Structures are given as structure tokens and as C-alpha cells.
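Please look at the sequence and the structure below, and keep both at hand while reading. The report that follows takes a few places in turn and describes what can be found at each of them.

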Amino acid sequence: MPTVQSNGINLYYEEKGSGDPLLLIMGITAPGSVWEKHLAHWEKSFRCIVVDNRGVGLSDKPPGPYSSAQMADDCAGLLRHLDLRDVRVVGVSMGSIIAQQLAIRHPELLRSLVLMCPWARCDRMAETIFRHMVDCKARLRPEEFSLYVQLLIYSKASFDDKKSFEGLEEDRKNAALEPNPQPLIGLEGQAEACIHHQVLEQLPSISHPTFVLGGEVDAFTPQWMTREVAEAIPNSQLHIYPGSGHAFHWENLEDFNQRVNQWLLEN
């Protein structure tokens, strides 16, 4: 299993496909393997590098708090270990704040950015949601915590659709069988990174081509957060999925995979 010493921790990663390098950075609570359905499409065009962030998966899970800058340095260490430059980066949710910090702190490593449901700062409601997520993790059974996260990230349409709802039920059952669940200490560290990410004034310095995407009815990181990031990064492109939640990339899987793949090929 490939691991690299980066920024003081063991960082786990996997590679799929060939071509120009594409780094995929996952969101809070989730290991890199959650990219599976997107990776299956993008690996046909790119050398995809999928990383487990600190605090989850097969990477180290040191005590927190973590920061988005620290986690970006983790990823930068991986890219330097692989001797990569001119890297395209896709980050979702917490992964998008890590990607922002990569562009701010290590611009020489990057070629372009795709920021999914991003934010540049937390308001009190967002901070409260992240802290409540930690409380729920501490108190709920895995399948109950999975339901809580689903209620945050999926839109009403996903719950109303029979096939989609059956998939959500199956995911909740599988959460109880996860062989390597995220420990509370890892989620605590990641939540602090999310809460204290404050880069709005630095975003105008990003000169890489940037594609920002969000969901119209995202209750976790609302649409204003996505639009604020897009407006702050010069010449960024914005796409909002109508009627979709934080998990718009699952709710519009085929369109999302093709849309982002084409943009990456052009940028």
C-alpha cells in the first residue's frame, strides 16, 4: 500500500489511469475511495492521484486541531514526493478548502482547480453544524451517523426518488460494516480545519483557471458560500446544479463527470 512521509505524517494515496496528473481531495469524514464513481470516468483521461486526508482512511490520524493550510502542505509533500508539477486539482467540500490553500501556498505545483461546494469562511451556522457533527459522531451508532450526514448533503429529491433512497439505505447499512471507520479524534481535527478556514482576502491572488460548482439547495455549505468563492477568484467559472444539494456530484453523476472531465481537458 503506497504511503509517503509528508509534513510529519504517513499519507496514504493510490494512483489510477495515465496522462497528465490529477489530484483528487475528498471531504470531511471520507477517505479517498469515495471518489470511486468519478475516478472510473476521469482515469480514462488523467493520471489520477487519490489521497486519504490526515485523520481518515489509511493515513495517520494524529490529535488535532488540523488546519486547511496544514492539510494543503500534506498534499504538497505528496506531489513533491512524486516529482509532479502542473497538477490539476479537484477538491470537494473540505477538499475544496485544501485545494484553495494549495493554490495560495504552493501555486508553482498547480495548473488548474475544480472547487466543489467550497467556502472561504464559516459563519456561525456553519461552525455550529461542524461542531454538531462531532457531537453526533461521539454519540451515534455508525448507521445513525451516516443518516445524519445524508440529511446534510442530499436534497429532498434524492429522498423522494425510490431508487436513490434505497441506495441511501444501503449506504447506512454498510456504514456499520466499515472495516476502518474514522475515529472521533480524526473528525475533531478535520472539523477544526473546516471551521477556521479563512481565506477570502487571499482568493484574489489565485491565478490558476478555476471551475467552481455548487448545489442550489445545499443545506450544508449554502449557495452563498459557493458564489462568494467564485466571485473572489479572478476569471473563475461557476456552475450551480438546480434542485441539488451538497452531494450534487452524486445527484447529477453522469453530467458532473462529463462536465468536469471536459473542463479539465481544456484547462
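## Ala232 and its surroundings

In this model, which is predicted, Ala232 is found in helix 9. Is Ala232 buried or exposed? Its relative accessible area is 15%, and because the cut-off for a buried residue is under 20%, Ala232 counts as buried.

Leaving aside residues up to four places away in sequence, Ala232 touches Leu200, Leu203 and Pro204. The last of these shows how the fold can bring together parts of the chain that are separated in sequence, for Ala232 and Pro204 are 28 residues apart along the chain, yet their C-alpha atoms are 5.5 Å apart in space.

## Helix 4 and its two sides

Helix 4 covers residues 124–139, and its length can be checked with a short calculation. At 1.5 Å a residue, its 16 residues should span 22 Å, and the C-alpha atoms at its ends are 23 Å apart, which agrees with that expectation.

Which residues of helix 4 are buried? They are Ala126, Ile129, Phe130, Met133, Val134 and Cys136, and because they cover an arc of only 165° around the axis, they lie on the same side of helix 4. On the other side of the helix, Arg124, Met125, Thr128 and Arg139 are exposed. The buried residues of helix 4 pack against three other helices, namely helix 5 (142–153), helix 8 (184–195) and helix 9 (223–232), and helix 9 is the helix in which Ala232 is found.

## Strand 7 and its neighbours

Strand 7 (residues 210–215) is mostly covered, since 6 of its 6 residues are buried. In a regular strand, the side chains alternate between the two faces of the sheet. In strand 7, Thr210, Val212 and Gly214 are on one side, while Phe211, Leu213 and Gly215 are on the other, and with all of these buried, both faces of the strand are covered.

Strand 7 is joined to strand 6 (residues 110–116) by 4 bridges, and these two strands run parallel. It is also joined to strand 8 (residues 237–241) by 5 bridges, and this pair runs parallel as well. Leu213 takes part in both pairings, for Leu213 is the bridge partner of Met116, and the bridge partner of Leu213 in strand 8 is His239. Between strand 7 and strand 8 the chain crosses through helix 9, and this β-α-β crossover is right-handed.

## Aromatic residues

How many aromatic pairs does the count come to? The count comes to 9 aromatic pairs, and one of these is formed by Phe248 and Phe256, whose rings are 6.0 Å apart from centre to centre, with 70° between their planes, an arrangement that is edge-to-face. Phe248 is buried, at 0% relative accessibility, and Phe256 is likewise buried, with a relative accessible area of 0%. Phe248 and Phe256 also belong to one aromatic cluster together with Trp35, Trp42 and Tyr241.

## Details of the backbone in three loops

Three loops hold backbone details that a careful reader may wish to find in the structure. In the loop between strand 4 (47–51) and helix 2 (68–81) lies Pro65, and the peptide bond that joins Gly64 and Pro65 is cis, with omega at about 0°.

Asn7 lies in the loop between strand 1 (3–6) and strand 2 (9–16), and although Asn7 is not a glycine, it has a positive phi of about 55°. Asn7 counts as partly exposed, at 42% relative accessibility. Thr29, which lies in the loop between strand 3 (21–25) and helix 1 (36–42), is not a glycine either, and has a positive phi of about 80°. With a relative accessible area of 22%, Thr29 is partly exposed.

## Leu11 in strand 2

Leu11 lies in strand 2 and is buried, with a relative accessible area of 2%. Not counting residues up to four places away in sequence, Leu11 touches a number of residues, among them Pro2, Val4, Val51, Asp74, Cys75 and Leu78. The C-alpha atoms of Leu11 and Val134 are separated by 23 Å, and the two residues are 123 residues apart along the chain; Val134 is one of the buried residues of helix 4.

Notes. Residues numbered from 1 in each chain as written. Heavy atoms only, no water. Expected span 1.5 Å × (residues − 1). Buried < 20%, exposed > 50% of the residue type's maximum accessible area, 1.4 Å probe, protein only. Arc of directions from axis to C-beta. Contact = heavy atoms within 4.5 Å. Pairing = 2+ DSSP bridges. Right-handed = clockwise from strand over helix to strand, strands pointing away. Phe/Tyr/Trp six-rings, centres within 6.5 Å; stacked < 30°, edge-to-face > 60°.
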